[in-house]
Amino acid sequence: PEPPRQHRSALFDPRFDDDRSPEPEHRSFETVHPMLAVPSRLETSAVDRVYMAFDVSQPVAQPDDLRGRDLEVTALLSGVLHRRNHGIVSGPRGSGKTSLVRVFGQYADREGVVVLYSACDDGTSFGELIRSYLEQIPSAMVDPDSIELFEQRVLSFGAESSPYQATGVLAMLKYSQLVVVLDEFDRITDRDMHDKISSLLKLVSDARLAVRFVLVGGNSAFADIVRAHPSLMRHITRVSTAPLASEAVAELLGRCADRCGVTFSDSSMRLIEEIACGSPYHARLFGMHGALNALADQSQVIDLEHVESGLEEAFGEWSMLNPVDAQAFREILGGSYGSPQEIVAFARQVAHHNADDDFARHWKTKRREHAHAEPAAFAELGQTVHMIDGHATFRDATAPQFLLALNHAHGVGADQMKGGRRA
């Protein structure tokens, strides 16, 4: 059917400037303002399908959508549900940690396990964080004769409550296993908070309670937890979200493309695999922009040019949120400070989780030297790259792939990428 026709009220028409009340003039929006024409209903639904298919901003919703993580899911299920260990899922932003844990939670739920989720926030006290979970525990997990006492203990659990008090409340759970997922654990920077959570995990394990914690965070999460109680290492299953293999990236992109009725050419698929460096987030993002460009061209095949323009568009989006880093990347890749290839190589290493610490030491040395030191681009990185536990990494964990995307755009040439296909 034809889309509903837009009308323009006489209130906005200069031809009607008196008190008359004529019938509204029915005109299409294209007639009123051709440059802002609303797409047809078919086009709008096609765009929606692309966004929903690639679903860049959300964890995967179904186990079938989690590609290349079978070993990690199996390890987490085996360690947490069967060996009764706590779990730690670590990796950089965009590597699929939350998606992995969500799928783990779905499998655990099928086994009758109660799984509770919450995201950590810096500044929240230990008592406030744990109470947010205690309040979610179903009363069916408590002996009927103890429900009133359990509820009283939860209500009295406050900001100053201790790991011992939390263990006492959790000890009242008699039916079913409980898995508590602390997502974004790396947002907690308070060392005392780390130690209290570590103590809670140790107390729960020593008491042999049917309660397990799964912590999801950056690569330092494991060290943050075992520092206070090294003996916890034997009670923890550690899973790392390493970069996806090329085959898994291809499966991921192919599944997304199938859902919105398009396909990737071999060359466009290879380019995304090269720039994403195994990151499911970046693969989905670059693939989404490529699909939107193909849609704009009314093409069912996402070709190399669609993806190349999509890389620039994705960088543009990221630069709006990270203007300082983006400007540093533009100047370095523009040749303002000599050849940028050593930094590009470092970015690729970081994206693949195998950065050479020799670069870190070299970079720190160059920052201390005069501006004319070679390569001068090191100095211009400023706070874009910083040191964590003796390792050099990007302040924004998603930045390396955007540097690689911009580097590819410079190689293609600005004359071939005029602001993106959809500009």
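These are my notebook entries on the strands, aromatic rings and charged pairs that I looked up in a predicted model.

**Entry 1: the sheet**

I began with the strands and found an open sheet of five, in the order E4-E5-E6-E3-E7, with parallel pairing. At its edges I noted strand E4 (114-119) and strand E7 (236-240), each of which pairs on one side only. From one strand to the next the twist averages 15°. As a reminder to myself, strands of a sheet pair through backbone hydrogen bonds, either parallel or antiparallel.

I then looked at one pairing in detail: strand E5 (residues 178-183) runs parallel to strand E6 (residues 211-217), and five bridges join the two. Within this pairing I traced Leu178 to its bridge partner in E6, which is Val211. Against the sheet I found helix H8 (residues 191-206), which touches strand E3 (86-90) as well as E5 and E6. The direction of H8 makes about 150° with that of E6.

**Entry 2: Val181**

I picked Val181 as a residue to follow, since I wanted a position in strand E5. Is Val181 buried or exposed? Its relative accessibility is 1%, and because the cut-off for buried is under 20%, Val181 counts as buried.

I listed what Val181 touches, leaving aside residues up to four places away in sequence: Val101, Val115, Leu116, Tyr117, Ser118, Tyr133, Val214 and Val216. For Ser118 I also looked up the separation, and the C-alpha atoms of Val181 and Ser118 are 6.5 Å apart in space although the two residues are 63 apart in sequence. Tyr117, which is on the contact list of Val181, has a charged partner too: the charged end of Arg102 sits over the ring of Tyr117, 4.2 Å from its centre.

**Entry 3: aromatic rings**

I counted seven aromatic pairs in the structure. How are the rings of Phe286 and Phe402 arranged? Their centres lie 6.1 Å apart and their planes stand at 85°, so I entered the pair as edge-to-face. Phe286 belongs to helix H12 (residues 280-296) and Phe402 to helix H18 (residues 399-412), so that the pair links distant parts of the chain, 116 residues apart. Both partners are recorded here as buried, Phe286 with a relative accessible area of 0% and Phe402 with 1%.

The pair of Phe346 and Phe394 is stacked, with 5.7 Å from centre to centre and 25° between the planes. I placed Phe346 in helix H15 (residues 341-351) and Phe394 in strand E11 (residues 391-394), so this pair ties together parts of the chain that are 48 residues apart in sequence. Phe346 is buried at 1% relative accessibility, and Phe394 is buried at 2%.

Which residues form one aromatic cluster? I wrote down Phe286, Phe315, Trp318, Phe329, Phe346, Phe394 and Phe402, a list that takes in both partners of the edge-to-face pair and both partners of the stacked pair.

**Entry 4: salt bridges**

My search of the whole structure gave ten salt bridges. I went back to helix H8 for two of them, starting with Asp192 and Lys196, whose closest N and O atoms are 3.6 Å apart. These two residues lie in H8 four residues apart, about one turn of the helix. Asp192 is partly exposed, with a relative accessible area of 42%, and Lys196 is partly exposed at 28%.

Further along I noted the salt bridge between Asp206 and Lys202, at 2.7 Å from N to O, and again both residues are in H8, four residues apart. Here the burial of the partners had to be entered separately: Asp206 is partly exposed at 46% relative accessibility, whereas Lys202, at 14%, counts as buried.

I also looked up the salt bridge between Glu274 and Arg348, where the N to O distance is 4.0 Å. Glu274 lies in helix H11 (residues 266-276) and Arg348 in helix H15, so the pair ties together parts that are 74 residues apart in sequence. I recorded Glu274 as partly exposed at 43% and Arg348 as partly exposed at 27%. My last note concerns Asp121, Glu184 and Arg187, which are joined into one network by salt bridges that share partners.

Technical notes:
Residues numbered from 1 in each chain as written. Predicted model: local features only at pLDDT ≥ 70, side-chain atom pairs only at ≥ 80, totals over all residues. Heavy atoms only, no water. Pairing = 2+ DSSP bridges. Axes fitted to C-alpha atoms, helices over the stretch in contact; angles between N-to-C directions. Contact = heavy atoms within 4.5 Å. Buried < 20%, exposed > 50% of the residue type's maximum accessible area, 1.4 Å probe, protein only. Phe/Tyr/Trp six-rings, centres within 6.5 Å; stacked < 30°, edge-to-face > 60°. Lys NZ or Arg CZ within 6 Å of the ring centre and 35° of its normal. Salt bridge = Lys/Arg side-chain N within 4 Å of Asp/Glu carboxyl O.
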